[in-house]
Amino acid sequence: MKEKTKQLRDLFSWENIKYALLLNLGLFLTAAGIHLFKTPNHFAMGGTSGMSIIMATLWPGMNVGGALFIINGILVVLGLCFLGVKTMGVTIYSSFALSAFVSLLEWIYPMTAPFTNDTLLELCFAVALPAAGSAIVFNVGASTGGTDILAMILSKYTSLEIGKALLLSDLAIAAWAGGLYGIATGLYCTLGTFSKALMVDSVIESINVRKMMTIVSAQPQQVQDFILNKLHRSATVYDAEGAYTHKELKVITTILNRRQAMELRNFIRRTDPHAFMTIVNSSETIGKGFRHV
């Protein structure tokens with residue numbers, strides 16, 4: 001009985017709840033970008049969503065959500081055959097959840113035409129929403145399924161450069177869209193394909209960015225107490241010597257989020273206006289109190 005209670009407590013821990021919320025938020029944002037901006041503009045920017053938009057055009061009785069279910073279903077079966085259930089993990093859920101979110105949006109808010117006549121503005125949102133969604137999903141250690149499954153299979157069984165292979169397939173889908181919907185749409189799809197890759201990396205870095213502060217102060221103990229007791233973070237303290245004065249110094253290094261870094265900066269300004277500080281961005285911090293390895 002105690003073991004079952006512990007398992008339930010672990011299952012519904014805040015970490016797991018947070019993981020599930022972020023995963024579904026990322027998938028929903030991706031689905032919103034597909035339904036609200038990609039589909040009505042025929043922005044087939046590669047991947048399963050691009051193939052689904054083309055399929056929905058070639059077979060008018062099929063919607064994009066239904067096409068996504070079919071394509072993702074095939075990819076999940078291939079993944080199970082070649083990779084196994086353990087490797088696939090949450091990718092199975094992501095694949096079908098994304099399809100379900102698109103179908104839900106199609107049912108709640110059908111899109112018969114784009115929101116605006118400004119194609120470039122529509123493209124910006126068609127790139128931004130899925131990029132933000134994918135970044136959130138990748139950041140929690142999951143994937144949106146789809147072509148990620150194909151990438152995992154190719155990575156396991158071939159020496160092919162996966163990034164290049166997927167980019168070529170995305171560009172092929174964009175070219176197909178150009179032949180189907182016109183050269184202008186094809187060019188927008190190509191532009192969107194490159195823009196999304198850059199934006200996903202940018203969003204992930206923005207989510208994970210931390211401030212690494214190095215401080216040389218005449219009041220090192222006060223600075224340490226503020227970091228430990230007010231900010232509830234830790235720090236590394238080491239002895240140093242001034243090259244010019246040969247004076248013994250205490251150097252404090254700590255890693256904080258943006259708000260905490262601003263609080264510490266303001267505190268040091270008040271307590272030791274002559275303190276020396278350097279602040280640099282860290283795009284990824286791994287360890288206790290931050291991301292797990």
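This is a short walk through one protein chain, from its overall form to a few single residues.

First point: the model is predicted. Please keep that in mind throughout.

Let's start with the whole chain. There are 12 helices and 4 strands. The radius of gyration is 25 Å, whereas the globule rule gives 19 Å for 293 residues, so the chain is more spread out than a compact globule. The C-alpha trace spans about 75 × 60 × 45 Å along its principal axes.

Now burial and surface. Of the 293 residues, 39% count as buried. The accessible surface comes to about 16,800 Å². Carbon and sulfur atoms hold 64% of that surface.

What about contacts along the chain? Take those with a separation of 6 or more. Residues 24 or more positions apart account for 73% of them.

A word on charge. The protein chain has 23 positive and 18 negative charges. Their mean positions lie 7 Å apart.

On to the strands. Three of them come up here: β1, β2 and β3. Strand β1 covers residues 210–216. Strand β2 covers 236–241, and strand β3 covers 248–256.

How do β2 and β3 pair? They are antiparallel, with 6 bridges. Two residue pairs to look at. Y238 stands opposite V251 in β3. D239 has K250 in β3 as its bridge partner.

Strand β3 also pairs with β1. That pairing is antiparallel too, and 6 bridges join the two strands. Here M213 has T254 in β3 as its bridge partner. So β3 has bridges to β2 and bridges to β1. One general reminder: side chains in a regular strand alternate between the two faces of the sheet.

Next, two residues in these strands. Start with T253, in strand β3. Is T253 buried or exposed? Its relative accessible area is 18%, under the 20% cut-off, so T253 counts as buried. Which residues does T253 contact, beyond its neighbours within four places in sequence? The contacts are M212, M213, T214, A235, T236 and Y238. Of those, M213 is the residue that bridges to T254, and Y238 is the residue that stands opposite V251.

The second residue is I215, in strand β1. The relative accessible area of I215 is 0%, so I215 is buried. What does I215 touch, leaving out residues up to four places away in sequence? In β3, we can pick out K250, V251 and I252. The list also holds V223, L264, I268, F276 and M277. V223 falls in α11, which runs over 220–230.

Now a distance. I215 and A197 are 18 residues apart along the chain. Their C-alpha atoms are separated by 37 Å.

Let's move to the loops. Most residues other than glycine have a negative phi. Two histidines here have a positive phi.

Where is H232? It is in the loop between α11 and β2. The phi of H232 is about 55°. H232 has a relative accessible area of 62%, so H232 is exposed.

The other is H246, in the loop between β2 and β3. That hairpin has 6 residues between the strands. The phi of H246 is near 60°. Is H246 buried or exposed? With a relative accessible area of 54%, H246 is exposed.

Last stop, away from those strands: S134. S134 sits in helix α7, residues 119–139. Its relative accessibility is 3%, so S134 counts as buried. Beyond neighbours within four places in sequence, S134 is in contact with T30, T144, K196 and V200.

How are S134 and D201 placed? They are 67 residues apart in sequence. In space they are 9.8 Å apart, C-alpha to C-alpha.

To recap. The chain is more spread out than a compact globule. Strand β3 pairs antiparallel with β2 and with β1. T253 is buried, and I215 is buried at 0%. H232 is exposed, and H246 is exposed. S134 is buried in its helix.

Note on methods
Residues are numbered from 1 along each chain as its sequence is written. This is a predicted model: local features need pLDDT of at least 70, side-chain atom pairs count only at pLDDT 80 or more; totals for chains, interfaces and linings use all residues. Side-chain values use heavy atoms; hydrogens and water are left out. The radius of gyration is taken over C-alpha atoms; the globule rule is 2.2 Å times the number of residues to the power 0.38. Buried means under 20% relative accessible area, exposed over 50%, partly exposed in between (1.4 Å probe, protein chains only). Contact means heavy atoms within 4.5 Å. Accessible areas come from the Shrake-Rupley method with a 1.4 Å probe; for residues, only the protein chains shown count as cover. Lys and Arg count as positive and Asp and Glu as negative; His and the chain ends are not counted. The place of a charge is taken as NZ of Lys, CZ of Arg, CG of Asp or CD of Glu. Two strands pair if DSSP finds at least two bridges between them.
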